[in-house]
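Biologist: I would like a close look at one part of this model, namely a single helix and the packing around it. Please take me through its neighbours and its place in the interior.

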Amino acid sequence: MATAKAGTALITGASRGIGREVARTLASEGWHVLAGVRDAKSAPAGTQAEVVDMADPQSIQALAERLRGRNLRLDALVNNAGVYNGPARRVWDVNVLGPLLLTRALVPLLARNARVVMVTSGLGLLSSQSQSLVKRLSDPNLSLSDMERLAKEAPGGYGASKAADSAMA
């Protein structure tokens, strides 16, 4: 496989919606696109399927180990995978904890000027969240460890999880 002049990007949730379009667009612009998908057959044409379940820390770690084993450098990481409906625990696992764990695991692979993108939503506006969540997410001392603990609490649904993504960014 030839190295793309534009760089290498990993896009999670690349099987449909925004993630699929980002993957297709970057591939058409000459990027080497790694499509993070649960089913390899669902990766867009022109991309390289990378199977990962963003709700499963072991699957996330396995993906990171595979990429490290290939000595890949990532110029872009697009944390797009998301769940809108379902139990709060699953929503937060996919929308917050998964991207946090993946980004942490891939730091050694990020190129010097790499971009890490957290895809969020208008439903994640702080003004739409509970006061207690706003207070926690607005804390200037909020660390990634704090965010991991918050994700395990799953305080709210989709909108709250996307507010947390914005805070991580």
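Modeller: What follows describes one helix, its two helix partners and the core to which it contributes.

This is a predicted model, in which local features need pLDDT of at least 70 and side-chain atom pairs count only at pLDDT 80 or more, while totals for chains, interfaces and linings use all residues. Residues are numbered from 1 along each chain as its sequence is written, and side-chain values use heavy atoms, with hydrogens and water left out.

The helix in question is α3 (residues 88-106), where helices are DSSP runs of H or I of at least four residues and strands are E runs of at least two, numbered from the N terminus. Its axis and that of α5 (residues 144-153) come within 8 Å and cross at roughly 155°; axes here are lines fitted to C-alpha atoms, for helices over the stretch in contact, and angles run from 0 to 180 degrees between N-to-C directions. The two helices are therefore roughly antiparallel (an angle over 145 degrees). The contact, meaning heavy atoms within 4.5 Å, involves R89, W92, V96, L97, L100, L101 and R104 of α3, and on the α5 side residues including L144, M147, L150 and A151. By class, this contact has 9 nonpolar, 1 polar and 5 charged residues, with Ala, Val, Leu, Ile, Met, Phe, Trp, Tyr, Cys and Pro taken as nonpolar, Asp, Glu, Lys and Arg as charged, and the others, Gly among them, as polar.

The axes of α3 and α6 also come within 8 Å, but cross at roughly 10°, which makes this pair roughly parallel (an angle under 35 degrees). Here V91, W92, N95, V96 and L100 of α3 meet Y158, A160, S161, K162, A164, D165 and M168 of α6, and these residues divide into 8 nonpolar, 2 polar and 2 charged.

Turning to the interior, a nonpolar core is a set of buried Ala, Val, Leu, Ile, Met, Phe, Trp, Tyr and Cys residues joined through side-chain atoms within 4.5 Å, buried meaning under 20% relative accessible area with a 1.4 Å probe and protein chains only. The largest such core has 38 residues, of which L10, L67, W92, L102 and L106 touch the most other members. α3 gives the most to this core, with 10 residues. Leaving aside residues up to four places away in sequence, L106 touches L10, A64, L67, L74 and L77. A second, separate core of 12 residues includes A14, A23, V33 and A76.

Conventions
Angles under 35 degrees count as roughly parallel, over 145 as roughly antiparallel, 65 to 115 as roughly perpendicular and the rest as oblique. Buried means under 20% relative accessible area, exposed over 50%, partly exposed in between (1.4 Å probe, protein chains only).
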